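Please open the model in a viewer and keep the selection panel at hand. The tour below proceeds by selections, each followed by a description of what is found there.

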Amino acid sequence: MAELKKEKAQEMGLHDEQLKGRTQQRFFSIDESENLTYFHSHEVDTSKSAKIDAQDMTPREINREIRALMEKGIGDITVDNPMSRHGVGVGILNRLNLKFTDSLGYFGCGLIDGPNVHIEGRVGWSCAENMMAGTVVIEGNAGSTFGAAIRGGDLVCKGDVGARTGIDQKGGTIIVGGRTGAFSGFMMQRGRMIICGDAGMNLGDSMYDGTIYVGGEVEELGVDCVPGEMTELDIRYLSEKLAIYGIKTPKGVEKMQKYVSGKMLWNYASLEPNEKKLIL
Amino acid sequence: MCGIAGIIHRNAGKEVNIGEQMTSMLQALKHRGPDSTGYAVYGEDNGNQVVRFKVAEGADLEGSFDIHAAIEERVALVNKRLEELGAKILNKESANEYSHRYEIQFSGDMKKLADFVEDIEGVEILSIGNSLELIKDLGDAAVVSKQYGLDNFNGTHGIGHTRMATESDVDIRSAHPYWAYPFSDVAVVHNGQLTNYWTNRRALELKGHRFSSNCDSELIAVYIADKMSQGSDLESAMKDSVEYLDGVFTYLVATKDQLGMAKDVMAAKPMVVYESDDMIALASEEVAIRTLFDHRIETFDPYHGEVKVWQN
């Protein structure tokens, strides 16, 4: 087979630089101002408040209204009547106090980096997916894939959550006040998960780093998930972390069980800590 | 994807507009499946049987010159066969040319009646029951509700389905709910994919059960019917089904006075439940249940492998 010339390959969109990890260097331009700021991040003042009545608004209209208020510098926003709509409160990349006085549907508060969100109702599937930083506190219950692939921040559900909680978790802390469903912590890579109640089957299946604490019964451990040793540091951490959100475990943090990965992936285990950070 | 919903009122008599409530929930789930919409709603039992059947698919009307004559022949043949078996036809209604509702008096073998009528080419019984009305057609909930006059249907409970066709055709035959032939007043709606459909279908067919479509969801209705024919109650049959069925699923079953829900062991398909002293409402998404209330409600997700049955 004839070798494809580099110029031709690039015309076709096949940039071999991407494969070598030099994408940023290749495509960064100092003349493009958006490269110097965090896109769609706003300077807001949390002493300035506003309310949105979302009763008759579409999810897109709600998100646009939140963005418009942030552009005006408003840093404390309350959304009334979100009516369990999907995809609300997403893509917020700055500090903001955001409150929902009702339930959210699927993918609520996904892709956020910085806001403190308080939800007085319930959330549907995939709440706070890919969250980078900030806090999301839910007073009610949550659906499945809660906190999928989060990389940072605190994600707190005071009630019960569905299956696959923290699937592909890459950092941050997930706190569940009640029980969690099957396959929680599936392929967990980093971060902490604190489950105050029971955990469903296959807990921590295929996890290769991170820590899971469970206050209740575990139906069944997944492959590669093994009990770890609780230390004084763990107990102190749990006590202080749960106190922040006013959550108590039925039997006390001293009785919680710790679970960690029993096996390291070969390539992952051979990396230095700073190298691990790069691949996650 | 598909969306499913159900509602059951406790101690509410027959005064609740179930048709309107189901339409409200199913319309909110339209984005999960726009191909067809179906209802199994339970009204007043006046001692007679309600037979819902179709004599053609809606699409057939546009595809053949002689379909109208064929439909007339089929309806006449249905009437003749019902009378031959001793069924007394008390009332006839039809929402359109191909979909019919008969109220009959019949004390014989229901399976024999169903088999005899379905032996007519193009005829399929959608349901038989004392209080069950099974309605399904192409289009969203608003379209089907208007076509079949469901906006003012009073009853105690119902289940419904919005379908996104993935593994079988877009037609009434493949739409949900499925009647648990030949059991009076039992219907099923399902969201998911069953991976052991053909293996289990063949086994049930060898036992004498009939399948009217190639839709995997029908397996649940037939399996529940099979278990109940062996003496199982609804809850036991549903618990067994969680082991029997392979794949990802959440389904609802309704009987004359019960509403049941089952979820697979991986909890791969959604279900949200609202429960109060007066009513239980379930749906694939809370946004559907929320259409019934003007205030915040508390809801929860059932656990993996969980089966729940409510009585009205």
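Begin by selecting strands 4, 5, 6 and 7 of chain B in this predicted model. They form an open sheet of four strands, in the order 5-6-4-7, and the pairing is antiparallel. At the edges lie strand 5 (88-94) and strand 7 (124-129) of chain B, each of which pairs on one side only. On average, neighbouring strands of this sheet are turned by 20 degrees against each other, direction ignored.

Next, restrict the selection to strand 5 and strand 6 (residues 99-105) of chain B. Six bridges pair these two strands in the antiparallel sense. Which residue of strand 6 of chain B is the bridge partner of Glu93(B)? The partner is Arg101(B).

Now add helix 4 (residues 110-118) of chain B to the view. This helix lies across strand 4 (49-54) and strand 7 of chain B. Relative to strand 7 of chain B, helix 4 runs at about 155 degrees.

**The sheet of six strands**

Select strands 8, 3, 10, 1, 16 and 15 of chain B, which is their order in an open sheet of six strands with antiparallel pairing. The edge strands here are strand 8 (132-138) and strand 15 (272-275) of chain B, and each pairs on one side only. Neighbouring strands of this sheet are turned by 5 degrees against each other on average, with direction ignored.

Within this sheet, highlight strand 3 (residues 36-42) and strand 10 (residues 157-163) of chain B. The two run antiparallel and are joined by seven bridges. As a point of reference, label Gly38(B), which stands opposite His161(B) of strand 10 of chain B.

Helix 1 of chain B should be shown next, since the sheet is still in view. Helix 1 of chain B packs on the sheet and touches strand 1 (3-9), strand 3, strand 10 and strand 16 (279-283) of chain B. The direction of helix 1 makes about 30 degrees with that of strand 10 of chain B. Helix 5 of chain B may then be added: this helix lies across strand 3, strand 8 and strand 10 of chain B. Helix 5 runs at about 125 degrees to strand 8 of chain B.

**Two pairs of helices**

Keep helix 1 (residues 18-28) and helix 5 (residues 141-148) of chain B, and hide the strands. How do the axes of these two helices of chain B cross? They come within 8 Å and cross at roughly 155 degrees. An angle over 145 degrees counts as roughly antiparallel, so helix 1 of chain B is roughly antiparallel to helix 5 of chain B. From helix 1 of chain B, Gly19(B), Thr23(B), Leu26(B) and Gln27(B) make the contact, and from helix 5 of chain B, Ala141(B), Ala142(B) and Ser145(B) do so. By class, the residues of this contact between helix 1 and helix 5 of chain B are three nonpolar, four polar and no charged.

For the second pair, select helix 6 (residues 197-206) and helix 7 (residues 218-229) of chain B. They pack at an angle of about 40 degrees, with their axes 11 Å apart. That angle makes helix 6 of chain B oblique to helix 7 of chain B. Their crossing is left-handed. On helix 6 of chain B the contact involves Tyr197(B), Asn200(B), Arg201(B) and Leu204(B), while helix 7 of chain B contributes Leu219(B), Val222(B), Tyr223(B) and Asp226(B). This contact of helix 6 with helix 7 of chain B has five nonpolar, one polar and two charged residues.

**Loops of note**

Move to Pro177(B), in the loop between strand 10 and strand 11 (178-179) of chain B. The peptide bond from His176(B) to Pro177(B) is cis, with omega near 0 degrees. Then select Pro182(B), in the loop between strand 11 and strand 12 (187-194) of chain B. The bond from Tyr181(B) to Pro182(B) is also a cis peptide bond, its omega being near 0 degrees.

In chain A, select Arg164(A), which lies in the loop between strand 6 (154-157) and strand 7 (170-176) of chain A. Arg164(A) has a positive phi of about 60 degrees although it is not a glycine.

**The wider view**

Finally, display both chains. 14 residues of chain B are in contact with 21 residues of chain A. The side of chain B that touches chain A has six nonpolar, two polar and six charged residues.

Methods: Residues numbered from 1 in each chain as written. Chains lettered and ligands numbered in written order. Predicted model: local features only at pLDDT ≥ 70, side-chain atom pairs only at ≥ 80, totals over all residues. Axes fitted to C-alpha atoms, helices over the stretch in contact; angles between N-to-C directions. Parallel < 35°, antiparallel > 145°, perpendicular 65-115°, else oblique. Left-handed = near helix turned anticlockwise from the far one by under 90°. Contact = placed C-beta atoms within 7 Å. Nonpolar A, V, L, I, M, F, W, Y, C, P; charged D, E, K, R; others polar. Pairing = 2+ DSSP bridges.
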